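Trainee: Could we look at the pockets and the aromatic pairs of this model?

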Amino acid sequence: MDTYAPSGYTTVAPWIVTPDTGRLLDFITAAFGGVELGRVPLQDGTIGHAEIRVGDTVVLAFDQRPDWPAMPSLVRVFVADADAAIERAVAAGARVVTAPATQAFGQRGGRVRDPFGNIWWVSAVVEQVDPEEGMRRLAEPRYAEAMRDAQETYDREMTGRPGSAVSAPR
């Protein structure tokens, strides 16, 4: 596969705009083992550009300007142990949106919302599952429940409603 990205970068990279990029970098380091690559401070004290490596991906970030709207992100991160990473994220100031569960496709994980409003879908591969087998497993009650919970907790988080209008998997 051809890539047009510079060495050490992926073809697609998330860019997170936050009111406090320095604290975001600290959060990513504590929760997901990020390694800061650098930051560009501006004359007004804000960060105009920052990069942090998480696994094989460089996450880019910069400070939100006062008159810009909030722009939270949804990011999936693969880790060795989703439960442990979620615990570290909570210790670093996040709150759980979706409790960890094992999904039909062989991944265990859940979601957290960081102190800046970004939602991280934290996943660990616990079993190699063929796509056809994953689809078949969705009919099993434990996997159907895990998918329903993932959908409903995210919907509640996004809407602020206590209930959810998300359709169940079939």
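**Pockets and aromatic pairs**

Mentor: The second largest pocket is lined by R76, Q103, F105, G106, Q107, R108, G109, W121, S123, M147 and A150. A pocket here is an open set of points on a 1 Å grid over the protein atoms alone, where a 1.4 Å probe fits, with protein on both sides within 12 Å along at least five of seven lines; lining residues have an atom within 4 Å of a point. Please note that the model is predicted: local features need pLDDT of at least 70 and side-chain atom pairs 80 or more, while totals for chains, interfaces and linings use all residues. Residues are numbered from 1 along each chain as its sequence is written, and side-chain values use heavy atoms, without hydrogens and water.

Trainee: Which elements give two or more residues to that second lining?

Mentor: They are β7 (107-113), β8 (119-125) and α4 (141-159); helices (H or I, at least four residues) and strands (E, at least two) are DSSP runs, numbered from the N terminus. β7 supplies the largest share of the second lining, three residues.

Trainee: And the largest pocket, how many residues line that one?

Mentor: Its lining holds 14 residues, and V54, T57, R76, V77 and F78 lie nearest the centre. Two or more lining residues come from each of α1 (21-32), β4 (57-63) and β5 (74-78).

Trainee: Which of these elements gives the most to the largest pocket?

Mentor: That is β5, which contributes four residues to the lining of the largest pocket. R76 also appears in the list for the second largest pocket.

Trainee: Changing topic, how many aromatic pairs does the structure hold?

Mentor: There are five. Rings of Phe, Tyr and Trp (its six-membered ring) pair if their centres lie within 6.5 Å; planes under 30 degrees apart are stacked, over 60 edge-to-face and the rest tilted. One of the five is F32 with W120, a tilted pair with 4.9 Å from centre to centre and 35 degrees between the planes.

Trainee: Why does the F32 and W120 pair tie together parts far along the sequence?

Mentor: F32 belongs to helix α1 and W120 to strand β8, so the pair joins parts that are 88 residues apart in sequence.

Trainee: Are those two residues buried or exposed?

Mentor: Both F32 and W120 are buried, where buried means under 20% relative accessible area, exposed over 50% and partly exposed in between (1.4 Å probe, protein chains only).

Trainee: What about F62 and W68, how do they pair?

Mentor: F62 and W68 pair edge-to-face, with 6.0 Å between the centres and 85 degrees between the planes. W68 counts as partly exposed because its relative accessibility is 38%.

Trainee: Which residues form a cluster with W68?

Mentor: W15 and F62 join W68 in one aromatic cluster.
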